[in-house]
Amino acid sequence: MNKMIPNKAHSDYLQKLRKRTIQVKVSQFLIFIVFFGLWQYSSDQKWIDPLLFSSPIKIVKLLAEKISDGTVFVHIGMTLTETVFGFLLGTLIGTLLAALIWWFPFLSRVLDPYLVVLNAMPKVAIGPILIVALGPNLTSIVAMGILISVIITTIVIYTAFTNVEPNYVKVIRSFGGTKFQCFKEVILPACFPAIISSLKVNVGLSWVGVIVGEFLVSKEGLGYLIIYGFQVFNFTLVLMSLLIIAFLATIMYQLVEALEKKLIKNRIS
Amino acid sequence: MAFLQLKSVGQTYFSKQTATTALEDITLSVSEGEFVSFLGPSGCGKSTLLSIIAGLLRPTSGTVTLRNQIIKEPHAKIGYMLQQDYLFPWKTIKDNIMVGLKLQNCLTKERIDYTLSLMKEIGLHDTLDQYPSELSGGMRQRVALVRTLATSPQILLLDEPFSALDFQTKLKLEDLVSSTLREHGKTAILVTHDIGEAIAMSDRIILFSTKPGRIFRTFPVSGHLRKRLPFEARQHPDYTVMFQQIWEELEQIEQNDTE
């Protein structure tokens, strides 16, 4: 209809929307340019210590070098594997634990203070124990990634489970549905949005866990590159690894967001 | 023997401070094909009683029997419809109406066809692939009716199923539910606080008093009103007379309450 009758007000409105979007994009791009430009310039002018803060051009040169000799991909591959395992398993185990305490309300009351304590405790502090227990390898780093996200996931998802509209459960029960059917047909699907959003949070948390794990013990990975660069005072290497991490974490977050859009497009209840 | 029989049913809720008696000594029977309404002010325990009949709640005393069988848990022969549709937003309309059959493990061709024919009957068979969010409130409550009828319950428990709808939709749905139930020969119990709705739809009205919930009085609805559809019944002179009568009784209950 709006194509057949050219509506001036509507096209004005669309134009305004488009203009605002362009303004946002341009501003975002400007911040990017100004940040890196200023960084490069102040490094060249020695306003900041080039040894410590390096400069974008040095980082890009180093990155090009690492790409051409292929070594950077080994590190990226390693860290990516650990992180993906970390956040997927963290979310999965957290959801399973939440399901367990949902199933046994007694258990939820018993475990409540322990969950609070475990959640408050800085999990990275257990890192050294993990490494001794599981060995200085991929397992203990993945375990670190899981550990850091699993408790908060359990708490968040369990809360979501208990907040499901009780009348949905009533519908299932009125048909003679079992407790398992209530869980499968209502509780779990109703909480998909909560599970996805904790997946999003866990992407970030797992990066922390994995990088800290690699700091403690590893022979490859981006965390290893950071700690190695620090030890040999090569801060260009440190910053390059950091930028790669930022880039990858963003990509991962975007992927989870795309998954979210696909899975819950029909839910406006 | 009556179709549905309640024998001195009572329900007491306990909290740390008090024990509240929600229902006391409810004895009544409903015969097959009858449409009974539970009417009363809020807090008279009429919804609680419906949950007990549905087997969702165990009464603290007394028994409920359906065809001489004691009801202790939800039963395939009892259908329950809530105040709002509570269609699952993540399921298509088709999956929503089939949910009862799926839960009772009887997704046979015959049952599926029957359910689809019900959809046709209420005029919504073209929405099967849509999601609940795409339907209006009235349409959704009609879908909920089909979901309840899909498992072929012998008795339908309606817990204020029209209360969330606008007046016009409500009137239309009353007619639809009434004629659908009559056509399929279903027994029904409607919980409502709307006097007009109770008169227009039922064969018998049971008035509840509060604190604790008890049967206060029973009103048989005149034959003139019973044979008419709800909308027409509302135009009949008998309707106004009965409305007055029940109104006065309700006033009295309220007065007893405040004393």
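This report describes the sheets, selected helices, the domain layout and the chain contact of a predicted model.

**The mixed sheet of chain B**

In chain B, 6 strands make up an open sheet with mixed pairing, in the order β6-β7-β8-β3-β9-β10. Strands β6 and β10 (214–220) occupy its edges; each has a single partner strand, so one side of each is left without a neighbour in the sheet. From one strand to the next, the twist averages 20°.

Strand β8 of chain B covers residues 187–192 and is mostly covered, with 6 of its 6 residues buried. Thr187(B), Ile189(B) and Val191(B) point to one side of this strand, while Ala188(B), Leu190(B) and Thr192(B) point the other way. The residues of both groups are buried.

β8(B) is paired with strand β3 (residues 35–39) of chain B in the parallel sense, over 5 bridges. Within that pairing, Ser37(B) stands opposite Leu190(B), and Phe38(B) stands opposite Val191(B). β8(B) also pairs with β7(B), again in the parallel sense and over 5 bridges. Here Leu156(B) has Ala188(B) of β8(B) as its bridge partner.

**The antiparallel sheet of chain B**

An open sheet of 4 strands is also present in chain B, with the order β2-β1-β4-β5 and antiparallel pairing. Its edges are β2 (19–30) and β5 (69–70), each with a single partner strand, so one side of each lacks a neighbour in the sheet. Strand β1 (residues 4–14) and strand β4 (residues 61–66) of chain B are joined in the antiparallel sense over 5 bridges. Gly10(B) stands opposite Ser61(B) in β4(B).

Helix α1 of chain B, residues 46–54, lies across β1, β2 and β4 of chain B. This helix runs at about 60° to β2(B).

**Residue pairs and strand pairings in chain B**

The table collects the strand pairings described above, each with one opposed residue pair.

| Strands | Sense | Bridges | Residue pair |
|---|---|---|---|
| β1(B) and β4(B) | antiparallel | 5 bridges | Gly10(B) and Ser61(B) |
| β3(B) and β8(B) | parallel | 5 bridges | Ser37(B) and Leu190(B) |
| β7(B) and β8(B) | parallel | 5 bridges | Leu156(B) and Ala188(B) |

**Helix α5 of chain B**

Helix α5 of chain B comprises 13 residues, 137–149. At 1.5 Å a residue the expected span is 18 Å, and the end C-alpha atoms lie 19 Å apart, which agrees. Of the 13 residues, 11 are buried, so the helix is largely enclosed by the rest of the structure. Among the buried residues are Arg140(B), Arg142(B) and Arg147(B), together with Val143(B), Leu145(B) and Val146(B).

The buried residues of α5(B) pack against several elements of chain B, including β6 (78–81), α2 (93–97), α4 (109–121), β7 (155–159) and α6 (167–183). The helix lies across β6 and β7 of chain B and runs at about 165° to β6(B).

**Chain A**

The domain assignment of chain A gives domain 1 (8–48) and domain 2 (59–263). Taken over C-alpha atoms, the centres of these domains are separated by 33 Å.

Helix α1 of chain A has 37 residues, 8–44, and its expected span at 1.5 Å a residue is 54 Å; the end C-alpha atoms are 53 Å apart, in agreement. The number of buried residues among the 37 is 1, so α1(A) lies largely in the open. After the helix comes Lys46(A), whose phi is positive, near 60°.

Ile93(A) belongs to helix α4 (residues 71–103) of chain A. With 17 C-beta neighbours inside 10 Å, Ile93(A) counts as partly exposed. Apart from neighbours within four places in sequence, Ile93(A) is in contact with Ile146(A) and Val150(A). Ile93(A) and Gly213(A) are 120 residues apart in sequence, with a C-alpha to C-alpha distance of 19 Å.

**Contact between the chains**

The contact draws 18 residues from chain B and 17 residues from chain A. On the side of chain B that touches chain A, helix α3 (residues 99–103) of chain B gives the most, with 3 residues. By class, that side of chain B has 13 nonpolar, 5 polar and no charged residues.

Definitions and conventions:
Residues numbered from 1 in each chain as written. Chains lettered and ligands numbered in written order. Predicted model: local features only at pLDDT ≥ 70, side-chain atom pairs only at ≥ 80, totals over all residues. Pairing = 2+ DSSP bridges. Helix = DSSP H or I, 4+ residues; strand = E, 2+ residues; numbered from the N terminus. Contact = placed C-beta atoms within 7 Å. Axes fitted to C-alpha atoms, helices over the stretch in contact; angles between N-to-C directions. Nonpolar A, V, L, I, M, F, W, Y, C, P; charged D, E, K, R; others polar. Expected span 1.5 Å × (residues − 1). Buried ≥ 20, exposed ≤ 12 C-beta atoms within 10 Å, placed from the backbone. Domains from an automatic or database assignment.
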